[in-house]
Amino acid sequence: MNSFTSLFAFWWKALFACLLGFFCAANAAADTAGWIPLFDGQSLAGWKASEHPGGFKVVDGTITFDGQRSHLFYDGKVCGGDFKNFELKAEVRTQPLANSGIYFHTAYQEKDFPKSGFEVQVANTHLGAGGYVEMKKTGSLYGVRNVHRQLVKDNEWFALQLSVRGKRIQVRINDLLVVDYVEPENPVVDARHPGRRLGHGTFALQGHDPESKVAFRNLMVKPLPDGLPGEPEPPVRFDAVDEQIVKLGAANYPLIDFHTHLKGGLTTEQVLQHMFKTGINHGIAINCGLGFSITNDAGIEDFLKSMAGQPVFIGMQAEGREWPKLFSPAAVARFDYVFTDSMTIFDHRGQRTRLWIKEEVEIPDQQAFMEHLVATAVKILDEEPVDIYVNPTFLPAVIAAEYDALWTPERMQRVVDAAKRNGVAIEINSRYRLPSLAFIKLAKQAGLKFSLGVNNIDANLGRAEYGLEVIQACGLTYKDFWMPKPDGQKPIQLKRYQ
Ligand SMILES: [Zn+2]
């Protein structure tokens, strides 16, 4: 189509959609850009609260919530309170520990959490209650596409933008795209949330509980017609892995690949596209150490600057055994996390050996090598201030086939015990499919936490396949997963090292 006919088709479709009642852009209240206020700044006219209506009030031109659980549904005149394709924007401010959210494609119900539609999560520092630990942060398309990094602060207004165009749902936090989800032809039907399907409906603001104090202002909607030009709706079908990811996300598992490298030309933008497509969050890690891309504090500074403001975690892969001498603790503490492995060691000859490089490896005696490797791993865990032990139990190619015989229960236990006494998490590595299930079971028994990692060498990130297998095979729960420590509680800040 040329531009004239496509524009014509667009308006014809728009007119048609309007007649069907799903498009009401020709609203007198709309500004020149098409935005229509849903809140008049003075009253709750056009809104209806459920359960405990007293919690929602208008204070200083904002809708505030402070009270028992209640949801505030829009039932005003704009589009008759029935929206299909739209953009929504709001400003939100949370108090510490608050849990809130904005529902869409939903419908009024007398009590409980809304059953129909989706929720865009608002939770910056919410912890959960009654033994439940909430892992889903602000910006999550709740239980479908989760965001695990805290992107905004309590007590500060932030902008939440949400759009539905056909099958595509996008969420932005302060203009940063954090969810870009296309509902597949075969969405995952979660028995507890059968209503998480695109359709049409109204909006609702969540008043979660008395601890969750939150305020909203500048709530605006821009209704959109069907079939907007430039908004393709590629048909998407979920395979079994896609489905497992959504199911685990709905069950609160923080699926985060903390061992993603910008290698082989892979860009941050591509990592984000991969996250949007797969539903797996990422931690991007940079190799720091002798002979690696970053060798000093200035390098750390430059890298962190280049990654600022991205919806990913930022990690340091500490390389070699010299790394603590190369960087200051203050510079290291600026990363969200630090990990290392025992793939670079000083072998029995005192030779610095990279175990993945065939030419550097010399193993005259397998048993002696193993004893030395285990002792080295234990020493690393005891001495180096790291969060995660990655590529765990890796063996050089020349002896890898003997893995099960060489990693005796006693050797595994020594590594597990060292990780335990130092509070270090164990990576479940998809590239090497390490460690073994036997090791993971020992680690789980000891109460260790786990992280997912691909350790990619090119643009192929996969979907944490080995981790997903391990979750099932070893019965890991969402609480078995490690999350980055808050500032002041990082190993680099707590552990003395030289
Ligand atoms: Zn790596």
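Glutamate 91 stands opposite arginine 217 in strand 13, where strands are DSSP runs of E with at least two residues and helices are DSSP runs of H or I with at least four residues, both numbered from the N terminus. The model is a predicted one, in which local features need pLDDT of at least 70 and side-chain atom pairs count only at pLDDT 80 or more, while totals for chains, interfaces and linings use all residues. Residues are numbered from 1 along each chain as its sequence is written.

Strand 6 (residues 85-94) and strand 13 (residues 214-224) pair in the antiparallel sense over 9 bridges; two strands pair if DSSP finds at least two bridges between them. Strand 6 is also joined to strand 9 (residues 158-165), again antiparallel, by 7 bridges, and here phenylalanine 86 has valine 164 of strand 9 as its bridge partner. Because 7 of its 10 residues are buried, strand 6 is largely enclosed by the rest of the structure. A residue is buried if 20 or more other C-beta atoms, placed from the backbone, lie within 10 Å of its own, exposed if there are 12 or fewer, and partly exposed in between.

Leucine 97 lies in the loop between strand 6 and strand 7 (100-106), and it has a positive phi of about 75° although it is not a glycine. Leucine 97 counts as partly exposed because it has 17 C-beta neighbours inside 10 Å. In the loop between strand 7 and strand 8 (118-122) is aspartate 112, whose phi is near 75°, a positive value in a residue other than glycine; with 10 other C-beta atoms within 10 Å, aspartate 112 is exposed.

Strands 7 and 8 belong to an open sheet of 5 strands, which has the order 2-5-12-7-8 and antiparallel pairing. Strand 2 (47-49) and strand 8 stand at the edges, each with a single partner strand, so one side of each is left without a neighbour in the sheet. Neighbouring strands of this sheet are turned by 20° against each other on average, direction ignored. Within the sheet, strand 5 (residues 70-74) and strand 12 (residues 202-207) run antiparallel and are joined by 4 bridges, and histidine 71 stands opposite glutamine 206 in strand 12.

Turning to the helices, the axes of helix 7 (residues 366-383) and helix 9 (residues 409-422) come within 8 Å and cross at roughly 10°; such axes are lines fitted to C-alpha atoms, for helices over the stretch in contact, and angles run from 0 to 180 degrees between N-to-C directions. Helix 7 and helix 9 are therefore roughly parallel to each other, since angles under 35 degrees count as roughly parallel, over 145 as roughly antiparallel, 65 to 115 as roughly perpendicular and the rest as oblique. Their contact includes Met370, Val374 and Ala377 of helix 7 and Arg411, Arg414 and Val415 of helix 9, residues being in contact if their C-beta atoms, placed from the backbone, lie within 7 Å.

A cis peptide bond, with omega about -10°, joins leucine 434 and proline 435, and proline 435 is found in the loop between strand 21 (425-429) and helix 10. Helix 10 (residues 437-445) packs with helix 11 (residues 465-474) at an angle of about 60°, with their axes 11 Å apart, and the two helices are therefore oblique to each other. Leu437, Ile440, Lys441 and Lys444 in helix 10 meet Val470, Ala473 and Cys474 in helix 11.

Key:
Contact = placed C-beta atoms within 7 Å.
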